Amino acid sequence: KENYLKIQGSPVIFLYTLRDFQDFEAPLQSAFQKVEDRIGVPLYIVGDMIWWEPAPEKMPWEGYKAINVSAVTAYNLFNWVFPDTMGPAYAFHCAHRFQAVYAQ
């Protein structure tokens, strides 16, 4: 019995701390393609990439697009070291960059 989250008919996979991945495009493209070949539908990939660093303009947005990231999330936007910088603007800025890359 299937017992997992689906969005738009695709199984959902969360990539925790995707912002820290390095040289991820080729290995993840290969792995995700193998999964798609096996199950017949692409994965719905949610990347945990929003954090206080790196700055949104320094993140590899084209790489995220290359592995078909479907959505972005932040595991936790609270940073006890900088409590005065908390707010919705950072997450909004990252989401805006994500949308801009995908609109190309």
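This report walks through the model's confidence, its sheet, its first helix and its aromatic rings.

## Model and confidence

What you have here is a predicted model, in which local features need pLDDT of at least 70, side-chain atom pairs count only at pLDDT 80 or more, and totals for chains, interfaces and linings use all residues. Residues are numbered from 1 along each chain as its sequence is written, and side-chain values use heavy atoms, with hydrogens and water left out.

On pLDDT (the predictor's confidence in each residue, from 0 to 100), the protein chain averages 83, and 82% of the residues score at least 70. Helix α1 comes out highest with a mean of 96, while helix α3 (residues 88-103) is lowest at 71. Helices and strands here are DSSP runs, numbered from the N terminus: H or I with at least four residues for a helix, E with at least two for a strand.

## The sheet

Four strands make an open sheet in the order β1-β2-β3-β4, and the pairing is mixed. β1 and β4 sit at the edges with a single partner strand each, so each has one side without a neighbour in the sheet. For two strands to pair, DSSP has to find at least two bridges between them.

Going across, β1 (residues 6-7) and β2 (residues 10-15) are antiparallel, with 2 bridges; lysine 6 faces proline 11 in β2. Their hairpin has 2 residues between the strands, and glutamine 8 there adopts a positive phi near 50°. Next, β2 and β3 (residues 44-48) run parallel, joined by 4 bridges. Valine 12 has tyrosine 44 as its bridge partner in β3, and isoleucine 13 is opposite isoleucine 45 in β3. Another 4 bridges pair β3 with β4 (residues 69-73), in the parallel sense. Valine 46 is bridged to alanine 71 in β4, and aspartate 48 is opposite threonine 73 in β4.

## What is buried around the strands

Buried means under 20% relative accessible area, exposed means over 50%, and partly exposed is in between (1.4 Å probe, protein chains only). By that yardstick β3 is largely enclosed by the rest of the structure, because 5 of its 5 residues are buried. Both of its faces are covered, with Tyr44, Val46 and Asp48 buried on one side and Ile45 and Gly47 buried on the other.

Over in strand β2 you will find serine 10. Its relative accessible area is 9%, so serine 10 is buried too. Setting aside neighbours within four places in sequence, serine 10 is in contact (heavy atoms within 4.5 Å) with Leu5, Val41, Pro42, Leu43 and Tyr44.

## Helix α1

α1 has 15 residues and spans 21 Å from first C-alpha to last, close to the 21 Å expected at 1.5 Å a residue. That expected span is 1.5 Å times one less than the number of residues in the helix. Right after α1 comes glycine 40, with a positive phi near 85°.

## The aromatic rings

A pair of aromatic rings is described by the distance of the centres and the angle of the planes. Rings of Phe, Tyr and Trp (its six-membered ring) pair if their centres lie within 6.5 Å; planes under 30 degrees apart count as stacked, over 60 as edge-to-face, and the rest as tilted.

How many aromatic pairs does the structure hold? There are 2 aromatic pairs. Phenylalanine 24 and tyrosine 64 are stacked, at 5.7 Å centre to centre with 25° between the planes. This pair links distant parts of the chain, 40 residues apart: phenylalanine 24 is in the loop between β2 and α1, and tyrosine 64 is in helix α2 (residues 61-66). Tryptophan 61 and tyrosine 64 pair edge-to-face, at 5.6 Å centre to centre with 85° between the planes. Both of those residues lie in helix α2, 3 residues apart, or about one turn of the helix.

Put together, the ring pairs link Phe24, Trp61 and Tyr64 into a cluster. Phenylalanine 24 and tyrosine 64 are both buried, the latter at 0% relative accessibility. Tryptophan 61 has 7% relative accessibility, so tryptophan 61 counts as buried as well.
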